[in-house]
Amino acid sequence: QQLYSDVLTVTAAGQTTTVNLQGQGVQAIFSYQLSSSAGTSTVTAGGTVAIPNTTVGQTTNVTVMVSNTGLGAGQVSIISVTGAGLSLSNLPAALPVTIQPGGTQQFTLMFAPTQPGAVTGRLTFGSDTITLTATGVGSQLNYTYTSGSTAVPVAANGAVIFTPLSVGSSESLTFSIENGGTTAATLSTISLAAPSTIFA
């Protein structure tokens with residue numbers, strides 16, 4: 001939004017007349033305020049906002065308030081978000097939506113991680129984009145067993161396969177548990193489901 005000026009000069013029949021010209025370009029300018037239980041962040045298009053760390057299985061709601069601080073109306077045809085665990089709610093009933101100068105539009109950004117770790121996403125509002133960063137908090141146990149020199153992954157409720165053995169022989173496998181998450185995990189028991197004379 002800028003003020004422009006110039007001078008128009010007209011010469012006719014030996015007489016010169018000047019006229020001052022002045023005009024202003026107007027457009028919509030959006031600013032963004034994101035509020036959660038952790039506080040409020042203000043950002044402009046192209047900026048980055050950190051969403052509070054969220055425990056796996058829980059949801060953090062962020063209220064997004066968009067203000068048109070420009071001198072022109074802004075029509076928005078796209079409001080979307082990308083990134084694992086990120087979604088939007090309370091959007092306008094229909095798009096496109098027009099935000100007048102001084103007007104606002106509000107909606108909710110939600111982060112509900114399904115696994116621990118860092119997440120990067122992108123909020124799109126019209127032609128503006130904002131980078132989102134977030135972290136899912138929790139433990140993530142990964143299981144493997146070693147047969148010979150090969151580590152074999154085991155899914156939850158999966159199977160550990162021993163090589164066929166002669167009766168009276170025995171074999172030992174190394175079973176490993178790794179925490180690939182972001183918080184500590186407490187192991188309360190390691191045992192067989194039932195007493196056995198075969199497995200130990």
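The second largest pocket of this structure, which is a predicted model, has a volume of about 170 Å³. The largest pocket, by comparison, has a volume of about 880 Å³. Beyond the pockets, this briefing covers a group of aromatic rings, among them Phe30, Tyr32, Phe107 and Phe125, which form one aromatic cluster, and then the strands, two buried residues and some backbone features.

**Pockets**

- The second largest pocket is lined by Tyr143, Val154, Ala155, Ala156, Asn157, Gly158, Ala159, Val160 and Phe175, and this lining divides into seven nonpolar residues, two polar ones and no charged ones.
- The lining of the largest pocket is made up of 21 residues, and those that lie nearest its centre are Val160, Phe162, Leu192, Phe199 and Ala200.
- Sorted by character, the lining of the largest pocket comprises 14 nonpolar residues, six polar residues and one charged residue.
- Val160 appears in the lining of the second largest pocket and also in the lining of the largest pocket.

**Aromatic pairs**

- The structure holds five aromatic pairs, and in one of them the rings of Phe30 and Phe125 have their centres 5.4 Å apart and their planes at 85°, so this pair is edge-to-face.
- That pair links distant parts of the chain, since Phe30 belongs to strand E3 (residues 30–36) and Phe125 to strand E13 (residues 117–125), with their positions 95 residues apart in sequence.
- Both Phe30 and Phe125 are buried, and Tyr32 forms a further edge-to-face pair with Phe125, at 5.8 Å centre to centre and with 80° between the planes.
- The pair of Tyr32 and Phe125 also links distant parts of the chain, from strand E3 to strand E13, and its two members are 93 residues apart.
- Tyr32 has a relative accessible area of 1% and is therefore buried, and for Phe125 the relative accessible area is 1%, so that residue is buried too.

**Strands and their partners**

- Strand E9 (residues 79–82) has a covered face, formed by Ile79 and Val81, and an uncovered face, formed by Ser80 and Thr82.
- E9 and E13 run antiparallel and are joined by four bridges, and within this pairing Ile79 stands opposite Phe125 in E13, the residue that also pairs with the ring of Phe30.
- E7 and strand E12 (residues 104–111) run antiparallel and are joined by eight bridges.
- Strand E10 (residues 86–89) is likewise antiparallel to E12, with four bridges between them, and the bridge partner of Leu86 in E12 is Phe111.

**Two buried residues and their surroundings**

- Val64 lies in strand E7 (residues 60–68), where it has a relative accessible area of 0% and is therefore buried.
- In E12 the bridge partner of Val64 is Phe107, and although these two residues are 43 residues apart in sequence, their C-alpha atoms are 5.4 Å apart in space.
- When residues up to four places away in sequence are not counted, Val64 touches Gln33, Leu34, Gln105, Gln106, Phe107 and Leu109.
- Ile99 is found in strand E11 (residues 97–99), and its relative accessible area is 2%, so Ile99 is buried.
- The C-alpha atoms of Ile99 and Gly74 are separated by 5.2 Å, while the two residues are 25 residues apart along the chain.
- Leaving aside neighbours within four places in sequence, Ile99 is in contact with Phe30, Asn68, Gly72, Ala73, Gly74, Thr104, Gln105 and Phe125, a list that includes Phe30 and Phe125, which pair edge-to-face with each other.

**Backbone features in loops**

- A cis peptide bond, with omega of about 5°, joins Leu95 and Pro96, and Pro96 is found in the loop between E10 and E11.
- Asn90 is found in the loop between E10 and E11 as well, and Asn90 has a positive phi of about 60° although it is not a glycine.
- With a relative accessible area of 57%, Asn90 lies over the 50% cut-off and is therefore exposed.
- Asn157, which is not a glycine, has a positive phi near 65°, and its place is in the loop between strand E16 (150–154) and strand E17 (174–179).
- Asn157 has a relative accessible area of 84% and is therefore exposed, and Asn157 is also one of the residues that line the second largest pocket.

Notes: Residues are numbered from 1 along each chain as its sequence is written. This is a predicted model: local features need pLDDT of at least 70, side-chain atom pairs count only at pLDDT 80 or more; totals for chains, interfaces and linings use all residues. Side-chain values use heavy atoms; hydrogens and water are left out. On a 1 Å grid over the protein atoms alone, a cavity is a set of points where a 1.4 Å probe fits but cannot get out, and a pocket is an open set with protein on both sides within 12 Å along at least five of seven lines; lining residues have an atom within 4 Å of a point. Grid points are joined across faces, edges and corners, and a volume is the space filled by probe spheres set on the points. Ala, Val, Leu, Ile, Met, Phe, Trp, Tyr, Cys and Pro count as nonpolar, Asp, Glu, Lys and Arg as charged, and the others, Gly among them, as polar. Rings of Phe, Tyr and Trp (its six-membered ring) pair if their centres lie within 6.5 Å; planes under 30 degrees apart count as stacked, over 60 as edge-to-face and the rest as tilted. Buried means under 20% relative accessible area, exposed over 50%, partly exposed in between (1.4 Å probe, protein chains only). Two strands pair if DSSP finds at least two bridges between them. Contact means heavy atoms within 4.5 Å.
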